[in-house]
Amino acid sequence: DPTVRAETFPLYLPEDDTSVFKYEDTASSRVHIGAMNEKLTGQRVGIVGLGGTGSYILDFVAKTHVKEIHLFDGNIFLQHNAFRAPGAASEESLKMASKKVEYLAETYSAMRHGIVSHPAYLDESNLDQMTCLDFVFLCMDTGKTKAHIMDMLEEKGLCFIDVGLGILPYEGNYLGGLLRVTTSTPANRETARKEIQSKEAAMEPNEYSTNIQVVELNALNAAFAVIRWKKMFGFYYESESEHHSLYMIRANEIANFGSQRT
């Protein structure tokens, strides 16, 4: 019988309570990349803003071996969010009108431990919730709150990645624009801050304020950000250490700039 095989693929549960997963990561073990995964082990990662891009960052990071993932957002998970987030929200879950972080924490806690929800907007009064983190993804609109968060992260010496998605209609028939990933480390604070502020200020009318989001662009922006994060910790090989990347939809081009860009 050519359909019979020796492998039965049973469910493998962790042998001890040290694993962050509720069942073994057989996707990594079968291709022998456990050593690369260990480079991310123990990290406490924060995601600020769980909209379209932030929710996909969670989806990708949840499948890594980081110790904790902290979710920061005060918004409710509404019907339109279901169309730009991973998975398929049920009618029942939408009727519950849960906070985004609570809905997503419950969803991903089925797979792993260490999802910590913070169901409130960040401001100057509660930024101390981020002091336990090792790395942060910023997926939020520009404004004073974002500036305060960046100030605090820089003061604490934390690395972070800021993402931006600016989409505009062209000629009434097409969508175009760009995706941005900017990395801030102690080695390039001034350059990163200039890139973040200049790109957001240059978009008049502000492309970010149009709030046009399409799920595949959210996922792509998240993928670029997570790949950059993994490069920083040696998971992926890199020949150049880019700190600022722009993906232009119309030309299907990626422009990368190093930390020394002037």
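## A walk across the sheet

Start by selecting strand 2 (68-72) and strand 3 (115-118): four bridges join strand 2 to strand 3, and the two run parallel. Helices (H or I, at least four residues) and strands (E, at least two) are DSSP runs, numbered from the N terminus, and two strands pair if DSSP finds at least two bridges between them. Show the side chains here and you will find F72 opposite H118 in strand 3.

Before going further, a word about what is on your screen. This is a predicted model, in which local features need pLDDT of at least 70 and side-chain atom pairs count only at pLDDT 80 or more, while totals for chains, interfaces and linings use all residues. Residues are numbered from 1 along each chain as its sequence is written, and side-chain values use heavy atoms, leaving out hydrogens and water.

**Stop 1: the whole sheet**

Now select the eight strands together. They make an open sheet with the order 3-2-1-4-5-6-7-8 and mixed pairing. Strands of a sheet pair through backbone hydrogen bonds, either parallel or antiparallel. At the edges you will see strand 3 and strand 8, each pairing on one side only. From one strand to the next, the twist averages 15°; angles run from 0 to 180 degrees between N-to-C directions, with axes being lines fitted to C-alpha atoms, for helices over the stretch in contact.

Add helix 9 (215-232) to the view. Helix 9 lies across strand 1, strand 4, strand 5, strand 6, strand 7 and strand 8, and runs at about 155° to strand 5.

**Stop 2: strands 6, 7 and 8**

Select strand 6 (residues 174-184), which runs antiparallel to strand 7 and is joined to it by five bridges. Along this pairing, L178 stands opposite M248 in strand 7. On to strand 8 (residues 253-258): strand 7 pairs with strand 8 over six bridges, in the antiparallel sense. Here, look for S245 opposite N256 in strand 8. The two strands form a hairpin with four residues between them, and N252 in the turn has a positive phi of about 55°.

How many residues of strand 7 are buried? Six of the seven in strand 7 (residues 242-248) are. Buried means under 20% relative accessible area, exposed over 50%, and partly exposed in between (1.4 Å probe, protein chains only).

**Stop 3: the nonpolar cores**

Next, select I47, I57, L58, I69, L71, F137 and W229. These residues have the most contacts inside the largest nonpolar core, which has 34 residues. A nonpolar core is a set of buried Ala, Val, Leu, Ile, Met, Phe, Trp, Tyr and Cys residues joined through side-chain atoms within 4.5 Å. Elements that each supply at least two residues of this core include strand 1 (44-48), helix 3 (52-61), helix 5 (100-108) and strand 4 (135-138).

Zoom in on I47. Leaving aside neighbours within four places in sequence, I47 is in contact (heavy atoms within 4.5 Å) with residues including G54, H70, F72 and C139. Apart from the largest core lies another, of 16 residues, among them F72, M140, M152 and I196.

**Stop 4: salt bridges**

The structure holds 11 salt bridges, each a side-chain nitrogen of Lys or Arg within 4 Å of a carboxyl oxygen of Asp or Glu. Select E154 and R193, whose side chains meet in one of them (3.2 Å, N to O). The pair links distant parts of the chain, 39 residues apart, with E154 in helix 6 (residues 144-155) and R193 in helix 7 (residues 189-202). R193 counts as buried at 15% relative accessibility, whereas E154 is partly exposed at 24%.

Stay in helix 7 for E190 and K194, which also meet in a salt bridge (3.2 Å, N to O). Both residues are exposed. Because they are four residues apart in helix 7, about one helical turn separates E190 and K194.

Finally, select R228, K231, E238 and E242, linked in a network of salt bridges. Within it, the side chains of E238 and R228 meet at 3.4 Å, N to O. E238 lies in the loop between helix 9 and strand 7 and R228 in helix 9, so the pair ties together parts 10 residues apart in sequence. R228 is buried, with a relative accessible area of 4%, while E238 is partly exposed at 25%.
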